Amino acid sequence: MSEKKARIAVLVSGGGTNLQALIGAQNRGLLHSGEIQLVISNNAGAYALERAKKAGIPTRTIVKKELGSQAAFEAAIRETLEKQEIDLVVLAGFLAILSEDFTSRYPKRILNIHPSLIPSFCGAGYYGLRVHEEALKKGVKVTGATVHYVNEIPDGGEILMQKAVSVRENDTPETLQKRVMRLAEWKILPAAVEMVCQKLTERNEA
Ligand code: GRF
């Protein structure tokens, strides 16, 4: 078996607990077919950057406002990914929109974690606490998380993995968000990344 690992970049905007789950999985050997080479943030204040630094992972901050346009922002990300010869891009709480021009260059090479069972509570505008607020408003008894490939449709790419989480009667958006993260997101994201990296490295060997 080849020793070659897929080269992963994780794109973040905020707290980075999903990034932390990936780092933990890598340290424990659960994620072994790929290695996080780089963390890119679109927000200089993201705590995720601290987590990356503590783990010894190189970071880059790329801010759309500083670059002036979506095209320049995406070009800077692409250039960084290319320089690092990245095989797989993982969006882990990355709140910037990526255009079709960007996503179409990386078919089946970009993953995203979404905190609901797609196709429920997803698409444009469904991020952060809003997802859980809407789930509670609707009164669903089960929600969860989804890892999917990213294409030009927000939360619309092929589903790779899902995990269900029960809603409790006294849940608030905050308690539900935390439980979905702990019981679903932090588990299926590393598992899905390993699954895709395995596929990518097998393909390289063939
Ligand atoms: C998570 O709920 C994830 O599903 C969503 O954004 C949140 C990011 O949290 N896409 P964190 O930055 O990983 O803590």
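Biologist: In this predicted model, which side chain does the side chain of Ser33 join in a polar contact of 2.6 Å?

Modeller: Let's place Ser33 before looking for its partner: Ser33 sits in the loop between α1 and β2. Among the residues in contact with Ser33, leaving aside neighbours within four places in sequence, are Lys5, Ala6, Cys197 and Glu194. The polar contact of 2.6 Å links the side chain of Ser33 to that of Glu194.

Biologist: Is Ser33 buried or exposed?

Modeller: The value to look at is the relative accessible area, which is 10% for Ser33. Buried means under 20%. Ser33 therefore counts as buried.

Biologist: Let's turn to the helix before that loop. How does the reach of α1 compare with the expected 16 Å?

Modeller: Helix α1 covers residues 17-28, which makes twelve residues. At 1.5 Å a residue, 16 Å is expected. From the first C-alpha to the last, α1 reaches close to that value, at 16 Å.

Biologist: And which residue with a positive phi follows α1?

Modeller: The helix itself has several buried residues, including Asn18, Leu22 and Ala25. Just after α1 comes a residue with a phi near 85°. That residue is Gly29.

Biologist: Now the ligand, please! Which residue has a polar side-chain atom 2.6 Å from an oxygen atom of the ligand?

Modeller: The residues around the ligand include Gly15, Gly16, Thr17, Asn18 and Glu185. Gly16 uses a backbone N or O atom, 2.7 Å from a ligand oxygen. Glu185 brings a side-chain N or O atom to 2.7 Å from an oxygen of the ligand. The side-chain atom at 2.6 Å belongs to Thr17.

Biologist: How much of the ligand's exposed area does the protein bury?

Modeller: Start with the ligand taken alone, which exposes 370 Å². The part of that area buried by the protein is 86%.

Biologist: Where is Thr146, and is it buried or exposed?

Modeller: Thr146 lies in strand β6, residues 142-149. Not counting residues up to four places away, Thr146 touches Asn112, Ile118 and Ile188, among others. The relative accessibility of Thr146 is 0%, so Thr146 is buried.

Biologist: Which residue has its backbone nitrogen 3.1 Å from a polar atom of the Thr146 side chain?

Modeller: Pro119 is 27 residues from Thr146 along the chain, with a C-alpha separation of 9.4 Å. The 3.1 Å pair involves another residue that Thr146 touches. That backbone nitrogen belongs to Ile118.

Biologist: Which helix gives the most to the largest nonpolar core?

Modeller: This core has 36 residues, and Val10, Val147 and Val193 touch the most other members. Val147, for instance, touches residues including Leu111, Leu160, Leu189 and Ala192. Ten residues of the core come from one helix, and that top contributor is α7.

Biologist: How many residues are in the other core that lies apart from it?

Modeller: Among the members of this other core are Ala76, Phe94, Phe102 and Ile110. Ala76 is also one of the buried residues of α4. The number of residues in this core is 18.

Biologist: What span should the 14 residues of α4 have?

Modeller: Helix α4 runs over residues 70-83, and its buried residues pack against elements including β1, β3 and α5. The estimate uses 1.5 Å a residue, and the distance between the end C-alpha atoms agrees with it. The expected span is therefore 20 Å.

Note on methods: Residues are numbered from 1 along each chain as its sequence is written. This is a predicted model: local features need pLDDT of at least 70, side-chain atom pairs count only at pLDDT 80 or more; totals for chains, interfaces and linings use all residues. Side-chain values use heavy atoms; hydrogens and water are left out. Helices (H or I, at least four residues) and strands (E, at least two) are DSSP runs, numbered from the N terminus. Buried means under 20% relative accessible area, exposed over 50%, partly exposed in between (1.4 Å probe, protein chains only). Contact means heavy atoms within 4.5 Å. A polar contact is a pair of N or O atoms within 3.5 Å; within protein, one must be able to donate a hydrogen and the other to accept it, and residues adjacent in sequence count only if both atoms are side-chain atoms. The expected span of a helix is 1.5 Å times one less than its number of residues. A residue is near a molecule or strand if one of its heavy atoms lies within 4 Å of it. Accessible areas come from the Shrake-Rupley method with a 1.4 Å probe; for residues, only the protein chains shown count as cover. A nonpolar core is a set of buried Ala, Val, Leu, Ile, Met, Phe, Trp, Tyr and Cys residues joined through side-chain atoms within 4.5 Å.
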